[in-house]
Structure formats: structure tokens, C-alpha cells
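Reader: I would like to learn how to read the features of a protein model, one at a time. Could we start with charged side chains and work on from there?

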Amino acid sequence: MSTAEQQPPATPSDALLGPADIRELAEVLGVRPTKQKGQNFVIDANTVRRIVRTAEVRPDDVVVEVGPGLGSLTLALLEAADRVVAVEIDDILAAALPATIEARMPRKKDRFALVHSDAMLVTELPGPAPTALVANLPYNVAVPVLLTMLDRFPTIERTLVMVQAEVADRLAARPGNKVYGVPSVKANWYADVKRAGSIGRNVFWPAPNVDSGLVSLVRRAEPVKTTATKAEVFAVVDAAFAQRRKGLRAALAGWAGSAAGAEAALVAAGVPPLARGESLTVEEFAAIAEHKPAAERPAL
């Protein structure tokens with residue numbers, strides 16, 4: 001018997017999954033959430049609707065969701081958006097999700113598409129280009145998945161991700177904040193980033209050991225103005241925070257070829273040589289990248 005046959009048709013008012021639905025579906029599928037996969041399923045319908053509202057999902061949006069799990073958030077997204085494309089790596093969950101959508105929201109089944117893959121490997125999505133990204137991301141892959149999706153799909157205008165609270169704080173941190181670092185700067189390359197709320201532990205099954213937070217990212221209307229490439233800017237960012245206790249003259253010595261070269265690039269960019277990476281904006285990192293010293297020619 002298919003998953004669709006095991007679930008009675010649902011009306012719009014009860015289409016979303018509740019705690020009993022989630023546990024029953026997991027039992028039918030033989031799914032036991034694992035810490036290794038970062039699986040914590042949202043079991044509260046009010047929470048997923050709140051996420052959709054906070055994400056400002058519009059009726060004309062094409063939303064991509066990473067890690068849909070059993071479909072809690074997917075169903076809420078389908079209620080509000082024009083289309084939803086879900087990217088799921090787990091074999092069992094990927095196989096079951098289309099049947100869950102057909103059973104609980106049959107009127108929207110043709111507006112749903114599944115990509116069974118690791119999100120880090122996805123280079124194209126079916127159907128119209130995505131306009132929004134909404135996802136509950138496991139803490140261990142949250143930042144690389146987020147940055148990869150923003151990079152590969154430039155049509156994504158608005159993003160809302162639910163991540164571990166600590167990760168949310170890092171993504172949304174401003175220069176000068178003690179948790180400001182590589183994720184903060186790289187996220188700002190693509191978007192304006194801010195904290196958009198907190199999520200308690202009791203809306204998940206199983207309940208995680210940490211709190212979660214919502215992060216909103218609205219893509220920049222204009223890219224960072226620089227002649228440097230993204231790769232060149234990110235190389236400066238990585239070097240600066242690899243030794244974040246050091247001043248930039250020392251931290252960027254390897255990147256520039258020497259401490260003197262690093263100082264020259266910093267001065268040319270208008271950045272104090274003894275400043276630390278945690279005090280710089282993404283624009284300042286871009287300015288440093290523009291002034292990287294040319295590699296010295298080897299002596300003949």
C-alpha cells in the first residue's frame with residue numbers, strides 16, 4: 001500500500017502535519033531521526049506557518065526548500081507559493097514526500113517537484129527559476145548549503161533559513177561583534193542579513209539540545225562594487241579569520257606574500273594595518289582584494 005493510500009485526503013484546514021501525523025508517518029516509513037543527519041522534524045503547524053509568513057512567501061513565488069524531511073514545511077509553503085521545489089538527500093524521505101503531498105494537498109501536487117540529491121551537488125532545478133529559499137537546515141551543513149544555493153541560483157531574492165541559534169547569530173552578526181566572522185562576511189556578499197526570530201526546542205521531534213533561530217537574507221539590489229572577483233574577496237576573508245587574533249598585517253602576510261605586501265594592500269584600501277578582520281565590512285575586504293600585490297617574478 002502506498003503512503004498516499006495510507007493517509008486520508010486532507011482539507012486545507014488540516015492539510016498540515018501535526019505531532020501525531022509526523023510520528024505515524026515516520027513509523028510507517030521506518031524512519032528514525034538521526035543526529036548524524038541532523039534530522040529534527042518540525043511537528044507544530046503554527047511554527048511552519050509562522051516561518052512562511054516571516055519569509056514573506058507570495059502567491060507568485062517559486063520556492064526551493066532544502067531538506068524537506070517528512071514535509072511539514074513543504075505543505076505550508078505549498079499553501080502560500082505558486083510552486084515548491086524540494087531538495088532531499090535521504091532516500092526514504094525523498095521517495096515518500098511526493099505521496100504525502102498528493103495525499104494531503106492534492107490540488108497542489110502538480111505545483112511540487114522533488115530533486116533527490118545532495119544540495120551541495122545541485123546545479124539546476126526543474127521548472128521556473130526559484131525566487132525564494134526557505135529551509136530548516138541542519139547545523140553541520142547550514143552555512144555551506146546556504147552560500148552555495150545563493151551563489152548558484154542568483155534569481156533567489158529572499159531567503160529564510162532556520163538554523164541552530166549559534167549559527168543564526170554568526171550569520172547575522174555585524175562588524176565589531178565577537179561572533180562576526182567568515183559566515184557573516186560571505187553572507188553579506190550576497191544579501192542583507194538579519195535575525196528574524198527564535199524557535200523553541202519543543203516544536204521539533206526529537207527535541208534538539210540547542211535552540212534554533214530564523215535568519216532572513218534579502219539579496220542585494222546591487223552587487224558589492226569591486227573589480228575583484230568573489231573568489232579573490234573570499235580568499236582575503238578566509239585568510240583574515242584564519243588568524244583572527246592577529247592584526248591584518250600579520251594575518252594577511254601569507255595571502256600577500258609578505259607582511260610588507262599585506263601592509264601595502266591594506267594602506268591602499270584605506271584599512272589600518274593593525275585592524276582585525278572582525279572590524280571590517282565586506283566592502284573593505286573587497287577593497288583589500290583589489291590591491292593584492294602582484295607576485296614577484298623569480299630571479300633569472
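Author: Happily! A salt bridge here is a side-chain nitrogen of Lys or Arg within 4 Å of a carboxyl oxygen of Asp or Glu. Keep in mind that this is a predicted model. Take E102 and K109 as a first case: their side chains meet in a salt bridge, at 3.5 Å from N to O.

Reader: How many salt bridges does the structure hold? And are E102 and K109 buried or exposed?

Author: The structure holds 16 salt bridges. For the second part, the idea is to look at relative accessible area: buried means under 20%, exposed over 50%, and partly exposed lies in between. E102 has 39% relative accessibility, so it counts as partly exposed. K109, at 38%, is partly exposed too.

Reader: Which parts of the chain does the salt bridge between K230 and D151 link?

Author: Start with the contact itself: K230 and D151 form a salt bridge whose closest N and O atoms are 3.2 Å apart. This pair links distant parts of the chain, with K230 in helix α9 (residues 230–242) and D151 in helix α6 (residues 142–152), 79 residues apart. K230 counts as partly exposed because its relative accessibility is 28%, and D151 does so at 36%.

Reader: What about a salt bridge inside one helix?

Author: The general idea comes from helix geometry. An α-helix has 3.6 residues a turn, so residues three or four places apart point the same way. In this structure, R170 and E166 both lie in helix α7 (residues 165–172), 4 residues apart, about one turn of the helix. They form a salt bridge with the closest N and O atoms 2.7 Å apart. R170 is partly exposed, since its relative accessibility is 38%, and E166 is partly exposed at 40%.

Reader: Which residues are linked in a network of salt bridges?

Author: R58, D60 and E157 are linked in such a network. To look at charge over the whole chain, compare mean positions: those of the 34 positive and 34 negative charges are 5 Å apart.

Reader: Let us turn to rings. How many aromatic pairs does a search of the whole structure find?

Author: The search finds 5 aromatic pairs. To read one, check the distance between ring centres and the angle between the planes. For Y190 and F234 the centres are 6.4 Å apart and the planes stand at 80°, so the pair is edge-to-face. Y190 lies in helix α8 (residues 182–190) and F234 in helix α9, so this pair ties together parts that are 44 residues apart in sequence. Y190 is buried, with a relative accessible area of 7%, and F234 is buried at 10%.

F241 and F285 form a tilted aromatic pair, 5.9 Å centre to centre with 45° between the planes. Because F241 lies in helix α9 and F285 in helix α13 (residues 282–290), the pair ties together parts that are 44 residues apart in sequence. Both F241 and F285 are buried. Ring pairs also link Y180, F241 and F285 into a cluster.

Reader: Why is α6 described as largely enclosed by the rest of the structure?

Author: For a helix, count its buried residues. In α6, 8 of the 11 residues are buried, so the helix is largely enclosed by the rest of the structure. Among the buried residues are V143, L146, L147 and M149. The cover over the buried residues of α6 includes strands β2 (62–66), β5 (132–136), β6 (158–164) and β9 (212–219), together with helices α7 and α8.

Reader: Could we try one residue in a strand? What does A196 touch?

Author: A196 sits in strand β7 (residues 191–199). Leaving out residues up to four places away in sequence, A196 touches T54, L160, L214, V215 and S216. With a relative accessible area of 24%, A196 is partly exposed.

Reader: And how would you read the chain as a whole?

Author: Begin with the elements: the chain has 13 helices and 9 strands. Its C-alpha trace spans about 75 × 40 × 35 Å along the principal axes. Of the 300 residues, 49% are buried. For contacts with a separation of 6 or more, residues 24 or more positions apart account for 70%. Finally, the accessible surface comes to about 14400 Å², and 53% of that belongs to carbon and sulfur atoms.

Technical notes. Residues numbered from 1 in each chain as written. Heavy atoms only, no water. Buried < 20%, exposed > 50% of the residue type's maximum accessible area, 1.4 Å probe, protein only. Helix = DSSP H or I, 4+ residues; strand = E, 2+ residues; numbered from the N terminus. Contact = heavy atoms within 4.5 Å. Areas by Shrake-Rupley, 256 points an atom, 1.4 Å probe, with all protein chains shown as cover. Lys, Arg positive; Asp, Glu negative; His and termini not counted. Charge placed at Lys NZ, Arg CZ, Asp CG, Glu CD. Phe/Tyr/Trp six-rings, centres within 6.5 Å; stacked < 30°, edge-to-face > 60°.
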